[in-house]
Amino acid sequence: MSSFKFLGINLTENLSWTSHISALAKKAQKWLYFLRKLKKAKFPHRVLVNFYKRAIESILTGNITNWHGMCTAQDRKTLQRVIKTAQNIIGTHLPSISNIGEMRCLHRAKRILKDNTHPSHSLFTLLPSGKRYRSICCRTTRLQSSFFPQAVRLFNAPSALLHV
């Protein structure tokens, strides 16, 4: 079997996220039809943005902390195209898929840090300075692109220190 669907995630034998992301993009494209209908019916701007966030963005960002670091530039471009279409329909700026992925990653990592009983809490250890987190040693790019090393890099970024 080359690919299968498990708990709403399309998995392939080579562990790439391309099939999952293309399925997400197709599903989100279908919801753009309803966004166009709402725009045509002259619904208020805040209703359009709310519909986008609840229907389309939630589809695009399902399990984003799992796959965001591992997806290719072409996959990100596919999802960004859907966001750009919604942006043109609504007529306002919407956050990019990369920004959403980083925000969700930081949010999930903060929840892990707050919970001392979480199994992954010990992966986030502060350096002796107390300002930065210890990097997780990674030998493969697959591990380096996964959630925990990515979260540590985001925490150690100068802009993230203001939010911690």
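1. The structure, a predicted model, holds one salt bridge. Its partners are Arg 104 and Glu 57, whose closest N and O atoms lie 3.9 Å apart. This pair joins distant parts of the chain: Arg 104 belongs to helix α5 (residues 97-114) and Glu 57 to helix α2, with the two positions 47 residues apart. The distance deserves a remark, because the criterion for a salt bridge is a nitrogen-to-oxygen separation within 4 Å, and the value here is 3.9 Å.

2. The two partners differ in their cover. Glu 57 counts as buried because its relative accessibility is 9%, and buried means under 20%. Arg 104, at 34% relative accessibility, counts as partly exposed, because that class lies between the limits of 20% and 50%.

3. The surroundings of Glu 57 can be described further. Glu 57 lies in helix α2, which covers residues 45-60. Leaving aside residues up to four places away in sequence, Glu 57 touches Tyr 52, Pro 95, Ile 100 and Arg 104. Arg 104 is thus both a contact of Glu 57 and its salt-bridge partner.

4. As to the overall architecture, the secondary structure of the chain comprises eight helices and two strands. Read from the N terminus, the order of the elements is β-β-α-α-α-α-α-α-α-α. The chain has 164 residues, of which 36% are buried. Among contacts with a separation of 6 or more, 56% are between residues 24 or more positions apart. The exposed area of the chain is about 10400 Å², and carbon and sulfur atoms supply 57% of this area.

5. The packing of α1 against α4 merits a separate point. Two packed helices are described by the angle between their axes and the distance between the axes. For helix α1 (residues 18-40) and helix α4 (residues 73-90), the axes come within 9 Å and cross at roughly 5°. The two helices are therefore roughly parallel to each other, because angles under 35 degrees fall in that class.

6. What kinds of residues make up the contact of α1 with α4? They divide into eleven nonpolar, four polar and three charged. On the α1 side the participants include Ile 21, Leu 24, Leu 32 and Leu 35, together with Arg 36 and Lys 39. On the α4 side they include Leu 79, Val 82, Ile 89 and Ile 90, as well as Asp 75.

7. Lys 42 should be examined for its backbone. This residue has a positive phi of about 65°, although Lys 42 is not a glycine. Lys 42 is placed in the loop between α1 and α2. With 71% relative accessibility, Lys 42 counts as exposed, because the threshold for that class is over 50%.

8. Helix α7 (residues 147-156) is mostly covered, with eight of its ten residues buried. The buried residues include Phe 147, Val 152, Leu 154 and Phe 155, and also Gln 150 and Asn 156.

9. Phe 147 illustrates the setting of α7, the helix in which this residue lies. Its relative accessible area is 6%, so Phe 147 is buried. Apart from residues up to four places away in sequence, Phe 147 touches Thr 65, Cys 105, Arg 108, Ala 109 and Ile 112. Phe 147 and His 68 are separated by 79 residues in sequence, while their C-alpha atoms are 8.4 Å apart in space.

Technical notes:
Residues numbered from 1 in each chain as written. Predicted model: local features only at pLDDT ≥ 70, side-chain atom pairs only at ≥ 80, totals over all residues. Heavy atoms only, no water. Helix = DSSP H or I, 4+ residues; strand = E, 2+ residues; numbered from the N terminus. Contact = heavy atoms within 4.5 Å. Buried < 20%, exposed > 50% of the residue type's maximum accessible area, 1.4 Å probe, protein only. Salt bridge = Lys/Arg side-chain N within 4 Å of Asp/Glu carboxyl O. Areas by Shrake-Rupley, 256 points an atom, 1.4 Å probe, with all protein chains shown as cover. Axes fitted to C-alpha atoms, helices over the stretch in contact; angles between N-to-C directions. Parallel < 35°, antiparallel > 145°, perpendicular 65-115°, else oblique. Nonpolar A, V, L, I, M, F, W, Y, C, P; charged D, E, K, R; others polar.
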